[in-house]
Amino acid sequence: MAQAVATVQDNSASRDSAYEDAFQAMRSTYLLISERFEKELADAGLPDLGFFGVLLALNDSEKPSRPRDLLCKVNVTKSGLTRLVDRIEKAGLVERTYCPSDRRGTFLVITDEGRETLARMLPVREKVFRESFIELIPEEDAETVARALTAVSDGIYESLNADGSCDEA
């Protein structure tokens, strides 16, 4: 019986191995590029990757954003986002504003200093992206990766948005 169970598990593992390999490659690549970006930002005397994600999301937003709107746009947990926003606000790069109809509701806006910091961070991001991605794979492979990961991302986003965890991007 144990042998039969092991055989079923082995078949399942081999069937999913391409997915496992893809997932591990995606995870490893993300972690390595993130580490490289962190190092380059530190070497340039700039804030860390978490700052970059929040500043970029706020800069790209046409209106003030609620902190929860950032959850699906930056790579942090809900409690991590609160601490991160506190640090970014303390650095003068974002400010909190309050909803006029409900003072409990807060919004985040990027400050001029935040835009200047983001402008200094963007060339570092472009350098890391070029050296760690563009120069390493052909464009056709990048298109395939983009299609595959967009399908995954859209599916996950849709399920999270269904229960209100994420708002429309």
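Reading from the N terminus, the elements of the protein chain come in the order α-α-α-β-β-α-α. That makes five helices and two strands. Keep in mind that this is a predicted model.

## The chain as a whole

The protein chain has 169 residues, and buried ones make up 21% of them. Its accessible surface comes to about 11,600 Å², with carbon and sulfur atoms supplying 55% of that. As for contacts, take the ones between residues at least 6 apart in sequence: 55% of these join residues at least 24 apart.

## Salt bridges

How many salt bridges are there? The count comes to twelve. As background, side chains of opposite charge can pair when their charged atoms come close. Here are three of the pairs, with their N to O distances.

| Salt bridge | Distance (N to O) |
|---|---|
| Arg 36 and Glu 131 | 2.3 Å |
| Arg 87 and Asp 48 | 2.8 Å |
| Arg 66 and Asp 69 | 3.0 Å |

Start with the Arg 36 and Glu 131 pair, whose side chains meet at 2.3 Å. This one links distant parts of the chain: Arg 36 sits in helix H1 and Glu 131 in helix H4 (residues 112-134), 95 residues apart. Arg 36 has a relative accessible area of 24%, so it counts as partly exposed. Glu 131 is partly exposed too, at 27%. The pair also belongs to a wider salt-bridge network, in which Arg 36, Glu 40, Lys 127, Arg 130, Glu 131 and Glu 135 are linked.

Next up is the bridge between the side chains of Arg 87 and Asp 48. Again distant parts of the chain are tied together, with Arg 87 in helix H3 and Asp 48 in the loop between H1 and helix H2 (49-60), 39 residues apart. Arg 87 is partly exposed with a relative accessible area of 42%, and Asp 48 is partly exposed at 25%.

Then there's Arg 66 with Asp 69, a salt bridge at 3.0 Å. Is Asp 69 buried or exposed? Asp 69 is buried, because its relative accessible area of 17% falls under the 20% cut-off. Its partner Arg 66 is partly exposed, with 32% relative accessibility.

## A loop residue: Ala 91

Ala 91 lies in the loop between helix H3 (78-90) and strand S1 (94-99). At 36% relative accessibility, Ala 91 is partly exposed. Which residues does Ala 91 touch, leaving aside its neighbours within four places in sequence? The answer is Phe 51 and Glu 113. You can also look across to Pro 47: its C-alpha atom is 9.6 Å from that of Ala 91, although 44 residues separate the two along the chain.

## The nonpolar patch

Now for the surface. Phe 23, Met 26, Val 145, Leu 149, Val 152, Ile 156 and Leu 160 form a nonpolar patch there, and together they have about 550 Å² of accessible area. Which helices each supply at least two of the patch residues? They are H1 (2-43) and H5. H5 gives the most, with five residues.

It's worth picking out one residue from each helix. Met 26 lies in helix H1, and its relative accessible area of 33% makes it partly exposed. Leu 160 is found in helix H5 and is partly exposed as well, at 34%. Why can these two be part of a patch? Patch residues need over 30% relative accessible area and no salt bridge, so Met 26 at 33% clears the area cut-off, and so does Leu 160 at 34%.

For a feel of how the helices sit at the patch, take Met 26 and Leu 149: their C-alpha atoms are separated by 9.1 Å, yet the two residues are 123 apart along the chain.

## The negative patch

The surface has a charged patch as well. Glu 139, Glu 140, Asp 141 and Glu 143 form a negative patch. Where is Glu 143? Glu 143 lies in helix H5, which covers residues 139-162. With a relative accessible area of 42%, Glu 143 is partly exposed. Helix H5 therefore holds Glu 143 of the negative patch along with five residues of the nonpolar one.

Notes:
Residues are numbered from 1 along each chain as its sequence is written. This is a predicted model: local features need pLDDT of at least 70, side-chain atom pairs count only at pLDDT 80 or more; totals for chains, interfaces and linings use all residues. Side-chain values use heavy atoms; hydrogens and water are left out. Patches are made of residues with over 30% relative accessible area and no salt bridge: like charges are joined within 9 Å, nonpolar side chains (Val, Leu, Ile, Met, Phe, Trp, Tyr) within 5 Å. Accessible areas come from the Shrake-Rupley method with a 1.4 Å probe; for residues, only the protein chains shown count as cover. A salt bridge is a side-chain nitrogen of Lys or Arg within 4 Å of a carboxyl oxygen of Asp or Glu. Lys and Arg count as positive and Asp and Glu as negative; His and the chain ends are not counted. The place of a charge is taken as NZ of Lys, CZ of Arg, CG of Asp or CD of Glu. Helices (H or I, at least four residues) and strands (E, at least two) are DSSP runs, numbered from the N terminus. Buried means under 20% relative accessible area, exposed over 50%, partly exposed in between (1.4 Å probe, protein chains only). Contact means heavy atoms within 4.5 Å.
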